[in-house]
Amino acid sequence: MTSTAADPRTLATAEPDEGTVDALLLGRRIRSLRVARGMTLEQLGAAIDRAPSQVSTIENGKREPRLSMLRQIAVALGTTTDDLLRDEAPSERAALEIAVERAQRGPVFSALGIDPIRVSKGHSDDTLRTILALATEVERLHRERAATPEEARRANASLRATMRAKDNYFPELEAQAKELLAAVGHTGGPVSQQLVGDMANHLGFTLHYVGDLPHSTRSVTDSRNGRIYLPTSQSASRDSRSPVVQAFASHVLGHSEPTSYADFLRQRVETNYLTAAILLPESDAVRFLTEAKNFRRISLEDLRDAFAVSYETAAHRFTNLATARLGIPVHFTKVHESGTIVKAYSNDGVKHPTDALGAVEGTTVCRKWTAFTVFAAEDRFSPWYQYTDNPNGTYWCTSRIEKAKEGDYSVTVGVPFEHVKWFRGRETANRSRSTCPDDGCCKSAPSELAEKWEHQSWPAARTPTSLLAALPTGTFPGVDQVEVYRFLEAHAPA
């Protein structure tokens, strides 16, 4: 994560949990007012009929007073409960003390096994700033260490396991999508650009299309002023509604700034899920797919066209609904033309390759799988269908090629042989046999080629720029936060 200079005022006013009272800040405000009134702990304790030790515990932020006691304290100090609960430190010194206390109570500091100091008047401001700077740097190093490819892949593997356990269907996200659609008067069918704009307005956002969006972002949300900034130029192949929905989805889902890669990945999956659930509403999509299943002609192209979304979005949405609503186990794979798996999901028993950490993403797909053979198809206008005999059974897949600035990608959806009867394209004659992970399947060259060229070739590898680089750091990995702040400042309303 990105290292920034610790601002005690910011750290002091940042509430640890939304909807709860910040006991540290409240305690410091009570202490500040008590001292300003010239009262001792004993005098305030007597005024509220509590022992001085209880008052001290409250002032140190170790205990949160009940509302009735808070009212008594406010009366005794000649103020109001609203004033005591204000979200700002009473002084710069108090802000510094709160920031140090909060840092010492955090999980990273606790893991060091160091006894926290008791912040007192005897500590100079410089001493407290030094402690705070050290604690901030330790936290930064801890986050940076966590931002390793291994940690990210481990987090991704864990997330995929959760998705598999739920058949990639999340009722709570479906309910949120349904509620939002109802709020703007959606009565069924595809969701228009106008309805998406109405959703943003309903949530308190206005849309602003700009030509100078930070290069590392797809959109930027200004929560302070209720603005969503989007690029004026859109890719011809990209649905212009998706960036808008993705921008306000995090607000709908109540996301806070991610604290780890696992948190970041979870939020990204939830955002993409909610976006698809809005653009392909559950009741309409299930009705469409059920009818197609009854006629044994399920087609992802038809689903794509019916709701005017991208093929990949249609494929993702199908995996949400296939098992939970249609009773069809399924797998999904997105593969770069190099053979590298970018995304994968399965609950149908297909054996995606994995690394030692259990992660699929980043591994190489079998060259005989549909996700790879599709790249050799001459006709890229029509879908590519194929049966593949694997060691654990036969799977039927439908696949398409999609273009991106990084190259071509295949997007593939597959099902076990016993469920192919529901799909269009089941009559295909395309078939292959895979024995992966056996090296003799596709990882080794034929013996005559190996004998001829082994030790006689020296390819110059096109090394990926990310091979030796750490994963992007920052609260939002890969995003230049300084650039974002400057952008917001430049576009904020006067």
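This passage describes the fold content, nonpolar cores, enclosed spaces, backbone exceptions and selected contacts of a predicted model.

The protein chain comprises 21 helices and nine strands. Of its 494 residues, 44% are classed as buried. When contacts in the protein chain are restricted to residues at least 6 apart in sequence, 62% of them join residues at least 24 apart.

In soluble globular proteins, nonpolar side chains tend to be buried together. The largest nonpolar core of the model contains 61 residues, and the members that touch the most others are Met 199, Phe 248, Ile 278, Ile 298, Phe 318, Ile 328 and Phe 423. Residues of this core come from both domain 2 (149-279 + 475-493) and domain 3 (282-441), so the core lies between the two. For Met 199, once neighbours within four places in sequence are set aside, the contacts are with Leu 180, Leu 181, Val 184, Val 191, Phe 248 and Ile 278. A second core, separate from this one, has 17 residues, among them Ala 344, Val 360, Val 365 and Tyr 395.

Rolling a probe the size of a water molecule over the atoms shows where empty space is left. In this model, the second largest pocket holds about 620 Å³ of space. Its lining consists of 24 residues, of which Arg 28, Arg 31, Asn 60, Glu 97 and Val 119 are the closest to the pocket centre. Two or more lining residues are supplied by each of the helices α2 (23-36), α4 (52-59) and α7 (92-105). The greatest contribution is that of α7, which provides six residues. By class, the lining of this pocket divides into eleven charged, seven nonpolar and six polar residues.

Three cavities of 30 Å³ or more are also present in the structure. The largest cavity has about 70 Å³ of space. Its lining is formed by His 331, Thr 333, Val 350, Trp 369, Thr 370, Ala 371, Thr 388, Asn 390, Tyr 395, Cys 397 and Thr 412. At least two of these residues come from each of β4 (331-336), α18 (370-373), β6 (384-390) and β7 (393-404). The lining of the largest cavity has no charged residues, with six polar and five nonpolar ones, whereas eleven charged residues occur in the lining of the second largest pocket. Tyr 395 is listed both in the lining of the largest cavity and in the second nonpolar core.

Most residues other than glycine have a negative phi, and most peptide bonds are trans. Exceptions of both kinds occur in the model. The peptide bond joining Cys 436 and Pro 437 is cis, with omega at about 15 degrees. Pro 437 is placed in the loop between β9 (431-433) and α19 (439-442).

Positive phi values are found at Asn 168, where phi is near 55 degrees, and at Ala 308, where phi is about 55 degrees. Asn 168 belongs to the loop between α10 (149-165) and α11 (171-183), and Ala 308 to the loop between α16 (300-307) and α17 (311-326). The two residues fall into opposite accessibility classes. Asn 168 has a relative accessible area of 5% and is therefore buried, while Ala 308, with a relative accessible area of 51%, is exposed.

Two partly exposed residues illustrate contacts between separated parts of the sequence. Arg 164 lies in helix α10 and has a relative accessible area of 39%, so that it counts as partly exposed. The C-alpha atoms of Arg 164 and Ser 346 are separated by 6.6 Å, although the two residues stand 182 residues apart along the chain. Apart from residues up to four places away in sequence, Arg 164 touches Tyr 345, Ser 346 and Asn 347.

Ile 117 occupies the loop between α8 (107-111) and α9 (125-146). With a relative accessible area of 31%, Ile 117 is likewise partly exposed. Its C-alpha atom is separated by 9.3 Å from that of Val 100, a residue 17 residues apart from Ile 117 along the chain. Neighbours within four places in sequence aside, Ile 117 is in contact with Gln 104, His 123 and Ile 131.

Definitions and conventions:
Residues are numbered from 1 along each chain as its sequence is written. This is a predicted model: local features need pLDDT of at least 70, side-chain atom pairs count only at pLDDT 80 or more; totals for chains, interfaces and linings use all residues. Side-chain values use heavy atoms; hydrogens and water are left out. A nonpolar core is a set of buried Ala, Val, Leu, Ile, Met, Phe, Trp, Tyr and Cys residues joined through side-chain atoms within 4.5 Å. Buried means under 20% relative accessible area, exposed over 50%, partly exposed in between (1.4 Å probe, protein chains only). Domain bounds come from an automatic or database domain assignment. Contact means heavy atoms within 4.5 Å. On a 1 Å grid over the protein atoms alone, a cavity is a set of points where a 1.4 Å probe fits but cannot get out, and a pocket is an open set with protein on both sides within 12 Å along at least five of seven lines; lining residues have an atom within 4 Å of a point. Grid points are joined across faces, edges and corners, and a volume is the space filled by probe spheres set on the points. Helices (H or I, at least four residues) and strands (E, at least two) are DSSP runs, numbered from the N terminus. Ala, Val, Leu, Ile, Met, Phe, Trp, Tyr, Cys and Pro count as nonpolar, Asp, Glu, Lys and Arg as charged, and the others, Gly among them, as polar.
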